[in-house]
Amino acid sequence: MAFVQFSQVSLAFGDRDILKNVTINLQTGSKVALTGANGAGKSTLIKVLAGIVAPDSGNRAVQKDSRIVYLPQSGLTHHGCTLKEEADKAFEFGYEIQKEIDEIGSQLESNPSNTDVLVIKQSELIQKLEDSGWHRREAAAESVLLGLGFSRQDFEKNTEEFSGGWQMRIALAKALMQNPDILLLDEPTNYLDIEARNWLESFLQNYNGGFLLVSHDRYFLDVTINEVYELFNGELKRYAGNFSHYEKVREVELKTLIAEYEQQQQEINKLEDFINRFGYKATKAAQAQEYQKKLDKMVRIEIPESLKKIHFTFPPAPHAGRLVLRLKNICKSYDGKRKVLDNLELTVENGQRVVVSGRNGAGKSTLLRIIAEQDKDFTGEIIPGAGIKIGYFSQDNAETIKGKETILEYLEARAPLELIPKLRDMLGAFLFRGDDVYKSLDVLSGGEKSRIALLLLLLSPVNLLILDEPTNHLDIHSKDVLLQALKDFGGTVIFVSHDRGFIEQLATQVLHLEPGISRYYPGGYQFYMEQLEKLDNGESLPLASAAKASSATPSSGVIGSSNRTPQRPDSVSDTKLSWEEQKRQEAERRKKEKEISRLEKEIQELEDKKKELENKMADPSVYSNGEKAKAVQHEIEEIAEKIEHATEKWMEISE
């Protein structure tokens, strides 16, 4: 059985202990998550395990011939060959073994005296090569590349053509293809869409070797690992079970510590307050000095950042009507030929939280830019509801954050007065703690700027949030803080995320995109996954154009109002009309107003019925029963079509 083992390993950077007498054992079959606060030293520990960084003391033991593969968070690029050729480099170990087998074969042809030894060695190498899967390398490479989102057309592309995120997918693919005894993966899901993450989950669940990984995706960890190592203050502690179980056990375990921490903080505050008030008074100076000595000798209790409860809320969302947004026949093409979005239609109602899903390249970010009015090069129509105020976040926002201001100064200048006292807590929730808030904007990394851009969005009152990958660069605790704030948000959210746990807890509707195709699912993420399973089983589902959330309520003010009177052409003056003509037009006007009122009532009744059915579809007793779900979905489609016809007629009469 292959293994890599640490015993009493220590490592320090300057006066800071990164690892203190750490012991860990990874072997074939290990499924391990490494957790700890940002900056705790997780990446350093993985590099020590991989043999890249040497410890100051302790022992690192690796079984002979064990193959260990390490994947860093970022920074890997590939060039000089096609994707297929680059993938084949993952099997270099096999080529080396085959070369050794051939060399032994050449030696045997000369009838050496040690024939028996050579034959045994060659037999062992042949078995080792067979066990490694090297002879099935082409099929393995194709399976891994397709699973991680590459297309067969990509196989012949030069690796230089792929962006930074896809470069890291190539590196991940090569690591998996090597089928090593021990895999060390540092944030392997950072550049994966949710489909690729799902594939990687399945791969790791069935992986025969051992692996240790770092990830901020709780769902991904829960379904792939069975033990957790926490790195805290340089010390490593093991917990059996998945990640959610670790969190529960750890929280119970630390309740006493947290109580002691809070008590100590109160004592520290009292001592510091006394010293600050009386330190310069002769009558109290001696006592102040004693208190200072007590503070200096005090062993400070520390708790993980993830257990320091931080909460924040969005500013109250401005009032908006029931209809928030309507998209009509949205088309978008980058090359004039292939349509990324083709006649997409969607209606979003107040309070909905719509996740846009689909593989990379399906048009998710493009659609969000169009809705946020960042991209105007498209055809079709966007009809916003009355009083809609949009807040938009994307990774590109970070590029605008620069200057000599500190983080705190930058945010204080842009925050409403009532939020300024809460800025420190909000910054803490987004990983800016202690003196970090005094960093200059110009020295921030791309990830830090992205977190500032997201935090900046929380400072302005909006009622429609458009969020493109808001959880990137956030740890698990920060994601939880953001998730709760979005759940409590009084407005509407349209978002893209590759964090399944985040999606499952937030989304109330799903819009799935494929190039040129869209499907709308009027239920949460679990309902969406069940519908995809039906598609995989050959069942047909309606496109978004047939099953869209058509909710255009004329009375909401988006399309118009029942109080509006259709105007007569300006070229005809009332004074020039005969009495009979005026009477005829007045009768026609009253008739149209009556018809408008009737249509509005009909649309409202249809929408109420549709809403009732959509809620019914989210009922497990319905969506878990194929026949019931099919019948309810069919009824929703019929009502959606009636709403569409009634709305078109309403618009025709109103105009």
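**Helix 10 and helix 11.** I began with the contacts between two helices, and I noted that Glu267, Ile268, Leu271, Glu272, Phe274, Ile275 and Phe278 in helix 10 meet Ala285, Gln287, Ala288, Tyr291, Gln292, Lys294 and Leu295 in helix 11. I kept in mind that this is a predicted model. For the geometry of the pair, I found that helix 10 (residues 255–278) packs against helix 11 (residues 285–297) at an angle of about 145°, the axes being 9 Å apart, and I recorded the crossing of helix 10 and helix 11 as left-handed.

**An open sheet.** I then turned to a sheet of 3 strands, which is open, has the order 2-1-4 and is paired in antiparallel fashion. Strand 2 (16–27) and strand 4 (57–62) are the edge strands, each of them pairing on one side only, and on average neighbouring strands of this sheet are turned by 15° against each other, direction ignored. Looking at one pairing in detail, I noted 8 bridges between strand 1 (residues 3–13) and strand 2, which run antiparallel, and I found Phe3 opposite Gln27 in strand 2. Helix 1 (residues 42–50) lies across strand 1, strand 2 and strand 4, and its direction is at about 130° to strand 1.

**Nonpolar cores.** The largest nonpolar core holds 58 residues, and I listed Leu411, Leu427, Phe430, Ile452, Leu465, Leu486 and Phe495 as those touching the most other members. I followed one of these further: leaving aside residues up to four places away in sequence, Ile452 touches Ile401, Ile407, Tyr410, Leu411, Leu427, Phe432 and Leu444. I also recorded a second, separate core of 50 residues, with Trp134, Phe150, Trp199 and Ile476 among its members.

**Arg359.** I located Arg359 in the loop between strand 12 (353–357) and helix 12 (364–371). Is Arg359 buried or exposed? I had to write neither, because its relative accessible area of 37% makes Arg359 partly exposed. Not counting residues up to four places away in sequence, I found that Arg359 touches Gly149, Asp193, Glu195, Lys364 and Leu513. I also looked up a pair that is 167 residues apart along the chain, Arg359 and Leu192, and their C-alpha atoms are separated by 9.3 Å.

**Cysteines.** Last, I searched the whole structure for disulfides and found 0. I checked the burial of two cysteines as well, and I entered Cys81 as buried because its relative accessible area is 8%, while Cys331, with a relative accessible area of 10%, is also buried.

Conventions
Residues numbered from 1 in each chain as written. Predicted model: local features only at pLDDT ≥ 70, side-chain atom pairs only at ≥ 80, totals over all residues. Heavy atoms only, no water. Disulfide = S-S within 2.5 Å. Buried < 20%, exposed > 50% of the residue type's maximum accessible area, 1.4 Å probe, protein only. Pairing = 2+ DSSP bridges. Helix = DSSP H or I, 4+ residues; strand = E, 2+ residues; numbered from the N terminus. Axes fitted to C-alpha atoms, helices over the stretch in contact; angles between N-to-C directions. Contact = heavy atoms within 4.5 Å. Core = buried A, V, L, I, M, F, W, Y, C linked by side-chain atoms within 4.5 Å. Left-handed = near helix turned anticlockwise from the far one by under 90°.
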